[in-house]
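Please read the following points alongside the sequence and the structure, which are shown just below. They are set out one topic at a time, so that each can be checked against the coordinates.

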Amino acid sequence: MNYTAIKDIDSLETWVKQALKIKKNPLKNKKLGKNKTLVMLFFNSSLRTRLSTQKAAINLGMNVMVMNFGSEGWTLEYEDGAIMNQGASEHIKEAAAVVSQYADIIAIRAFAGLVDKEKDNAETVMAGFLKHATVPIVNMESCTGHPLQSLADAITMEEHKTKHKPKVVLTWAPHPRALPQAVPNSFVEMMQKQEEMDFVITHPEGYELNPEITKDSKIEYDQNKAFENADFIYAKNWSNYKQYGQITNSDPNWTVTAEKMALTNNAKFMHCLPVRRNVIVTDEVIDSENSIVIQQANNRTYAAQLVLQKILKNSSASLEKSKSKAKKDK
């Protein structure tokens, strides 16, 4: 069992309930991960993802090894048949196989380069480990998705919703740097599994996400109209997908302000963090009682713990099945 995308969730409603159950007693399965090791490979920086995933593993009794691959590991080659006479020192075939010998689960964080759309969509790093590793893989944010974050978002909304079929708005906001589409992509995919919520995406024209991901999700180019009667506002920047990786709009009028939040149904404000204050959202909004960004960050632990728990139980069940078969074969 791997967890690399929202599609790996068979029933979001069930997973959210299970995560909330874990949250009530996070140390209940402390023995499940005994003598098991999680290896976390970071090709990019992290705060919440690293600490929450590590905390989740510790709650399950796992050993944890962390490697900042970008600064500590050899440069990897991913192309089959490559003549390695340039910069790369090691092929993914050997690297993935070796790491697999040290790990029971490998968790990977590797961002989009935002230069070559085709390369980013191919998920070179994640795909390489999925192909050549011999243990389960967990996505701690890849070029095109952040399924741990979106699972935490689903948990958070379940805790804070106050009515049946709440309205959820994903809003683009300006940012001084070009950012990937990973978080909004997974949020959209997660919301498409939410039958009991109304969902709207709002952004400037020309800032559409990958249409293969948004599909028939409602898009509203008027941010004020989108905010009307909303119960949750999720703010996130992403760079242009059509003019790939570029910043083609920096309009400060898309910043989430108290005036815009006043259009909502006393909506909760959400953001995955880190957030640029007074660029993405004003201090007044993020510091308000309706801001649940810290609760979101807390739920990252229980999202990761649920995923690791499911993988450990699945691996244990597979091992028992193999032992049983071997016994019968004798």
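1. Lysine 161 and glutamate 158 form a salt bridge in which the closest N and O atoms are 3.2 Å apart. The lysine of this pair, lysine 161, is partly exposed at 31% relative accessibility, and glutamate 158, at 34%, is likewise counted as partly exposed. Please keep in mind, here and in every point below, that this is a predicted model.

2. How many salt bridges does the model contain? The count comes to 10, and the pair of lysine 161 and glutamate 158 is one of the salt bridges. Another is formed by lysine 17 with glutamate 13, where the closest N and O atoms lie 3.4 Å apart. These two residues are four positions apart in helix H1 (residues 12-24), so about one helical turn separates them, and both lysine 17 and glutamate 13 are exposed.

3. Aspartate 8 forms a salt bridge with lysine 7, and for this pair the closest N and O atoms are 3.8 Å apart. A salt bridge is accepted here when the nitrogen and the carboxyl oxygen are within 4 Å, and therefore the pair is counted. Aspartate 8 is partly exposed, with a relative accessible area of 24%, whereas lysine 7 reaches 66% and counts as exposed. Elsewhere, Arg277, Asp283 and Asp287 are linked with one another in a network of salt bridges.

4. A charged side chain also meets a ring in this model, since lysine 117 lies over the face of tyrosine 241, at 4.1 Å from the ring centre.

5. Turning to contacts between rings, the count comes to eight aromatic pairs. Among them is the pair of tryptophan 172 and tryptophan 254, which is edge-to-face, with 6.0 Å from centre to centre and 80° between the planes. Tryptophan 172 lies in the loop between strand E7 (167-171) and helix H8 (182-191), while tryptophan 254 lies in the loop between strand E10 (232-235) and helix H11 (258-261), so the pair ties together parts that are 82 residues apart in sequence. Are these two tryptophans, 172 and 254, buried or exposed? Both tryptophan 172 and tryptophan 254 are buried.

6. Phenylalanine 187 and phenylalanine 199 have ring centres 5.9 Å apart and planes at 65°, and the pair is therefore edge-to-face. Phenylalanine 187 belongs to helix H8 and phenylalanine 199 to strand E8 (residues 198-202), so that the pair links distant parts of the chain, 12 residues apart. Phenylalanine 187 is buried, with a relative accessible area of 0%, and phenylalanine 199 also counts as buried, at 12% relative accessibility. In addition, Phe43, Phe69 and Phe129 form one aromatic cluster.

7. Strand E10 deserves a separate look. E10 pairs with E7 in the parallel sense over four bridges, and in this pairing the bridge partner of threonine 171 is alanine 235 of E10. E10 also pairs with strand E11 (residues 268-270), again in the parallel sense, over three bridges, and here isoleucine 233 stands opposite phenylalanine 269 in E11. Both faces of E10 are covered, with Phe232 and Tyr234 buried on one side and Ile233 and Ala235 buried on the other.

8. How many disulfides are found? The count comes to zero. For cysteine 143, the closest cysteine sulfur is that of cysteine 272, at 16 Å from its own sulfur, which is too far for a bond. Cysteine 272 is accordingly in no disulfide, its nearest cysteine sulfur being that of cysteine 143. Cysteine 143 is buried, with a relative accessible area of 10%, and cysteine 272 is buried with a relative accessible area of 10%.

9. A last point concerns confidence. The mean pLDDT of the protein is 95, and 96% of its residues reach 70 or more. Among the elements of the protein, helix H3 (residues 69-72) has the lowest mean pLDDT, 83, and E11 has the highest, 99. Where pLDDT is low, the predicted coordinates should not be read in detail.

Definitions and conventions. Residues numbered from 1 in each chain as written. Heavy atoms only, no water. Phe/Tyr/Trp six-rings, centres within 6.5 Å; stacked < 30°, edge-to-face > 60°. Buried < 20%, exposed > 50% of the residue type's maximum accessible area, 1.4 Å probe, protein only. Lys NZ or Arg CZ within 6 Å of the ring centre and 35° of its normal. Pairing = 2+ DSSP bridges. Salt bridge = Lys/Arg side-chain N within 4 Å of Asp/Glu carboxyl O. Disulfide = S-S within 2.5 Å. pLDDT = per-residue confidence, 0-100.
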